[in-house]
Amino acid sequence: MPSINEVIERNDKVKPNSFDEATKADWLYRLDGRISKEIMHTEPPVQYTYPEDGDKELLVPFPFDAVYDHYLHSMIDYTNREFGAYNNSMIMFNEAYDAFAKQYIRDNIPPSFFNFRNVMG
């Protein structure tokens with residue numbers, strides 16, 4: 001799983017921008033908080049502090065970790081008021097987020113849940 005600093009570094013190479021690392025880290029923290037609450041159902045949601053947690057691994061592993069790249073791109077586009085690019089970035093983000101969510105659920109929901117649904121169905 002990539003660290004916060006790794007995601008920021010790889011995105012700055014691909015999508016140069018004028019935002020400081022703390023701002024981009026905050027966007028990533030908020031996304032991981034959303035992932036931990038909506039998909040992983042952890043309470044309380046994960047929280048990070050920057051720069052102390054810059055080398056901490058984020059929640060989404062390869063090959064789904066592109067969710068972070070698409071999210072940073074979309075936030076940069078939105079904040080820069082580049083709404084056409086933002087819409088494209090958000091489509092890619094939503095597809096990556098959905099793919100991870102589906103895989104996480106497949107890997108982490110006990111088989112008995114699916115058997116119960118079939119019986120009750």
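This report describes confidence, salt bridges, the nonpolar core and aromatic contacts in a predicted model.

## Confidence

The mean pLDDT over the chain is 92, and 91% of the residues reach a score of at least 70. Among the elements of the chain, α3 has the highest mean pLDDT, 98. The lowest mean, 58, belongs to helix α5, which covers residues 111-120. Where pLDDT is low, the predicted coordinates should not be read in detail.

## Helix α1 and its link to α3

Helix α1 spans residues 4-14 and includes Asn 11. The relative accessible area of Asn 11 is 3%, so this residue is buried. Leaving aside residues up to four places away in sequence, Asn 11 touches Asp 69, Leu 72 and His 73.

Asp 69 is also the salt-bridge partner of Arg 10, with 2.8 Å between the closest N and O atoms. Arg 10 belongs to helix α1 and Asp 69 to helix α3 (residues 66-79), so this pair ties together parts that are 59 residues apart in sequence. The two partners differ in burial class: Arg 10 is partly exposed at 29% relative accessibility, whereas Asp 69 is buried at 14%.

## Salt bridges within helices

The model contains 9 salt bridges in total. Side chains of opposite charge can pair when their charged atoms come close. One of the bridges joins Lys 13 to Glu 9, where the closest N and O atoms are 3.6 Å apart. Both residues lie in helix α1 at a spacing of 4 residues, so about one helical turn separates them. Lys 13 is exposed, with a relative accessible area of 66%, and Glu 9 is partly exposed at 47%.

Another bridge connects Arg 34 with Glu 38, and its closest N and O atoms are 3.0 Å apart. This pair lies in helix α2 (residues 21-38), again with 4 residues, or about one turn of the helix, between the partners. Arg 34 has a relative accessible area of 33% and is therefore partly exposed. Glu 38 is likewise partly exposed, at 44% relative accessibility. Elsewhere, salt bridges with shared partners join Arg 10, Asp 65 and Asp 69 into one network.

## Nonpolar core

The largest nonpolar core has 28 residues. Ile 4, Ile 35 and Tyr 68 are the residues with the most contacts inside this core. Helices α1, α2, α3 and α4 are the elements that give two or more residues to the core.

Ile 4 falls within the residue range of helix α1 (residues 4-14). Not counting residues up to four places away in sequence, the contacts of Ile 4 include Ala 25, Leu 28, Tyr 29 and Leu 58. Tyr 48, Tyr 50, Asp 53, Gly 54 and Lys 56 are also among the residues that Ile 4 touches.

## Aromatic contacts

There are 9 aromatic pairs in the model. One of them is formed by Phe 100 and Tyr 104, whose ring centres are 5.8 Å apart and whose planes make an angle of 45 degrees, a tilted arrangement. Both residues lie in helix α4, 4 residues apart, which is about one turn of the helix. Phe 100 is buried, at 5% relative accessibility. Tyr 104 is partly exposed, with a relative accessible area of 23%, so the value lies above the 20% limit for burial.

Tyr 29, Tyr 48 and Tyr 50 form one aromatic cluster. Each of these tyrosines is also touched by Ile 4. A further ring contact involves Arg 34, the partner of Glu 38 in a salt bridge. The charged end of Arg 34 sits over the ring of Tyr 97, at 4.4 Å from the ring centre.

## Position of Ile 91

Ile 91 is found in helix α4, which runs over residues 83-108. With a relative accessible area of 47%, Ile 91 is partly exposed. Ile 91 and His 73 are separated by 18 residues in sequence, and their C-alpha atoms are 11 Å apart in space. His 73 is one of the residues touched by Asn 11 of helix α1.

Definitions and conventions: Residues are numbered from 1 along each chain as its sequence is written. This is a predicted model: local features need pLDDT of at least 70, side-chain atom pairs count only at pLDDT 80 or more; totals for chains, interfaces and linings use all residues. Side-chain values use heavy atoms; hydrogens and water are left out. Buried means under 20% relative accessible area, exposed over 50%, partly exposed in between (1.4 Å probe, protein chains only). Contact means heavy atoms within 4.5 Å. A salt bridge is a side-chain nitrogen of Lys or Arg within 4 Å of a carboxyl oxygen of Asp or Glu. A nonpolar core is a set of buried Ala, Val, Leu, Ile, Met, Phe, Trp, Tyr and Cys residues joined through side-chain atoms within 4.5 Å. Rings of Phe, Tyr and Trp (its six-membered ring) pair if their centres lie within 6.5 Å; planes under 30 degrees apart count as stacked, over 60 as edge-to-face and the rest as tilted. A charge sits over a ring if NZ of Lys or CZ of Arg is within 6 Å of the ring centre and within 35 degrees of the ring normal. pLDDT is the predictor's confidence in each residue, from 0 to 100.
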